[in-house]
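Student: I should like a close look at one part of this model, namely a helix and the partners packed against it. Please then place that part in the context of the whole chain.

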Amino acid sequence: MIDLKNITKTFDHKGKKNIALSNISLSVPEGKIVGVIGESGAGKSTLIRCVNLLERPNSGEVWIDGQNLMELSPSKLTAARKNIGMIFQHFNLLSSRTVFDNIAFPLELSHTSKAKIKNRVYELVELVGLTDKLDSYPVNLSGGQKQRVAIARTLASNPKVLLSDEATSALDPSTTRSILSLLKDLNKELGITILLITHEMDVVKQICDDIAVMNRGKLIEQGSVSAIFSNPKTELAQRFISSSLHLEIPIDYQKRITHMPEEGKHPLLKLQISGNTVDEPVLSEISRLFDINNNIISAQMDYAGGVKFGVMLTEFIGTISKEIAAIEYLKSKNIKVTLLGYV
Ligand SMILES: Nc1ncnc2c1ncn2[C@@H]1O[C@H](COP(=O)(O)OP(=O)(O)OP(=O)(O)O)[C@@H](O)[C@H]1O
């Protein structure tokens with residue numbers, strides 16, 4: 001449904017060329033949800049704005065539903081854009097219009113009759129769960145409700161594609177979850193194809209089928225959510241995955257941790273487990289093979305794309321040589337082991 005081919009975009013800034021996107025190719029099959037994740041300045045907004053040509057790439061092809069937008073005349077481009085809805089972090093509602101009138105706005109612009117507008121707006125508020133807010137103004141709505149109005153407004157013209165530009169970044173975690181589950185429901189019920197950009201792995205984890213990881217204007221890794229979570233290839237993807245697992249060293253341990261081994265202290269390890277290893281009894285194996293007592297301090301397991309993964313803080317208590325051998329054994333099982341210090 002969306003096929004970006006070799007997209008490059010540069011900006012001129014004070015006489016210098018800033019390469020925002022470098023030879024990016026990305027496909028979003030019909031009915032799928034793809035998330036592009038990257039840190040600030042990676043080029044995510046520029047990329048998503050290239051999909052509807054709000055930003056025109058310097059080179060490359062932007063195919064939407066079988067049409068290369070780069071080759072369309074202005075009038076055909078306007079028509080093609082009706083197929084592409086977009087929602088934003090700051091909702092972009094018209095403050096002087098009620099919920100009804102905000103949602104009706106694009107229909108008014110396309111000269112839809114009043115009776116049809118009324119029917120469609122009623123359908124849309126039902127879909128996004130805002131039937132009791134038709135006469136409210138944006139100022140009287142919560143962030144989540146404003147985003148629901150924005151979603152209803154963008155769905156008014158029945159787009160096949162929905163672009164989401166950090167649509168949940170301004171929302172608290174529980175509102176984020178409810179907006180993401182609304183997007184997932186719309187994807188299932190209407191078959192709408194979604195491309196979203198975010199800097200949060202939690203967002204990707206909750207609703208995406210595929211992930212693309214961006215860094216400095218390049219796509220450095222892409223694949224299904226399950227493939228990337230079970231076997232992240234780049235350091236950045238690993239970091240995003242860890243950031244979605246929230247595990248802190250307890251204060252008591254932080255106070256007594258040392259960087260160098262000391263008499264009576266033992267290694268404190270962070271183990272990142274994913275893919276097949278997650279179902280192997282590796283911790284009991286190392287207890288048996290290396291005579292290690294394993295003192296688990298905290299652990300978090302999670303699911304994404306049908307794959308189980310997790311992170312654990314644990315203290316290995318054994319002789320120094322066996323502690324080292326046990327760590328090597330874990331690494332051989334594709335567990336990422338980080339030595340945090342000695343406690
Ligand atoms: N209109 C512009 N003029 C000049 N440079 C720009 C423009 N828009 C973006 N850039 C530059 O392009 C690069 C990518 O920016 P972009 O906003 O796409 O990144 P991002 O990943 O969306 O970041 P953030 O998450 O902070 O919004 C940055 O170096 C930015 O400074």
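**Helix 5 and its surroundings**

Tutor: Helix 4 and helix 5 cross in a right-handed sense. The model in view is a predicted one, and every value below is computed from it. Helix 4 comprises residues 114-128, and its axis lies 9 Å from that of helix 5, at an angle of about 135°. Angles from 115 to 145 degrees are classed as oblique, and the two helices are therefore oblique to each other. On the helix 4 side, the contact is made by Leu124, Val125, Leu127 and Val128. Their counterparts in helix 5 are Arg148, Ile151, Ala152 and Leu155. Sorted by class, this contact has seven nonpolar residues, one charged residue and no polar residue. The charged member is Arg148 of helix 5. The spacing along such a face has a general background: an α-helix has 3.6 residues a turn, so residues three or four places apart point the same way.

Helix 5 (residues 143-155) has a second partner in helix 3 (residues 99-109), where the axes come within 7 Å and cross at roughly 30°. Since an angle under 35 degrees counts as roughly parallel, helix 3 is roughly parallel to helix 5. This crossing, too, is right-handed. Helix 3 supplies Val99, Asn102, Ile103, Phe105 and Pro106, which meet Val149, Ala152 and Arg153 of helix 5. The class count here is six nonpolar, one polar and one charged residues. The polar residue is Asn102 and the charged one is Arg153. Ala152 takes part in both packings, meeting helix 3 in one and helix 4 in the other.

Beyond helix 5, the chain enters a loop that leads to strand 7 (161-165), and asparagine 158 is found in this loop. Asparagine 158 is not a glycine, yet it has a positive phi of about 55°. It has 11 C-beta neighbours inside 10 Å, and therefore counts as exposed. Asparagine 23 offers a counterpart within a strand: this residue belongs to strand 2 (residues 16-28). Asparagine 23 likewise is not a glycine and has a positive phi, of about 50°. Its 14 C-beta neighbours inside 10 Å are the reason why asparagine 23 counts as partly exposed.

Strand 1 (residues 2-13) contains phenylalanine 11. Because phenylalanine 11 has 13 C-beta neighbours inside 10 Å, it counts as partly exposed. Leaving aside residues up to four places away in sequence, phenylalanine 11 touches Asn18 and Ala20. From phenylalanine 11 to methionine 1 is ten residues in sequence and 27 Å in space, C-alpha to C-alpha.

Helix 1 (residues 44-51) is mostly covered, with seven of its eight residues buried. Those buried residues are Lys44, Ser45, Thr46, Leu47, Ile48, Cys50 and Val51. Leucine 53, which follows helix 1, has a positive phi near 60°.

At the scale of the whole chain, there are twelve helices and 14 strands. The C-alpha atoms fill a box of roughly 80 × 45 × 40 Å along the principal axes. Of the 343 residues, 35% are buried. Among contacts with a separation of 6 or more, 69% join residues 24 or more positions apart.

The domain assignment gives domain 1 (2-232) and domain 2 (251-342). The centres of domain 1 and domain 2, taken over C-alpha atoms, are 41 Å apart. Each domain brings seven residues to the contact between them. On the side of domain 1, the largest share, four residues, comes from helix 8 (residues 225-230). That side of domain 1 consists, by class, of two nonpolar, four polar and one charged residues.

Key
Residues numbered from 1 in each chain as written. Predicted model: local features only at pLDDT ≥ 70, side-chain atom pairs only at ≥ 80, totals over all residues. Buried ≥ 20, exposed ≤ 12 C-beta atoms within 10 Å, placed from the backbone. Contact = placed C-beta atoms within 7 Å. Domains from an automatic or database assignment. Axes fitted to C-alpha atoms, helices over the stretch in contact; angles between N-to-C directions. Parallel < 35°, antiparallel > 145°, perpendicular 65-115°, else oblique. Left-handed = near helix turned anticlockwise from the far one by under 90°.
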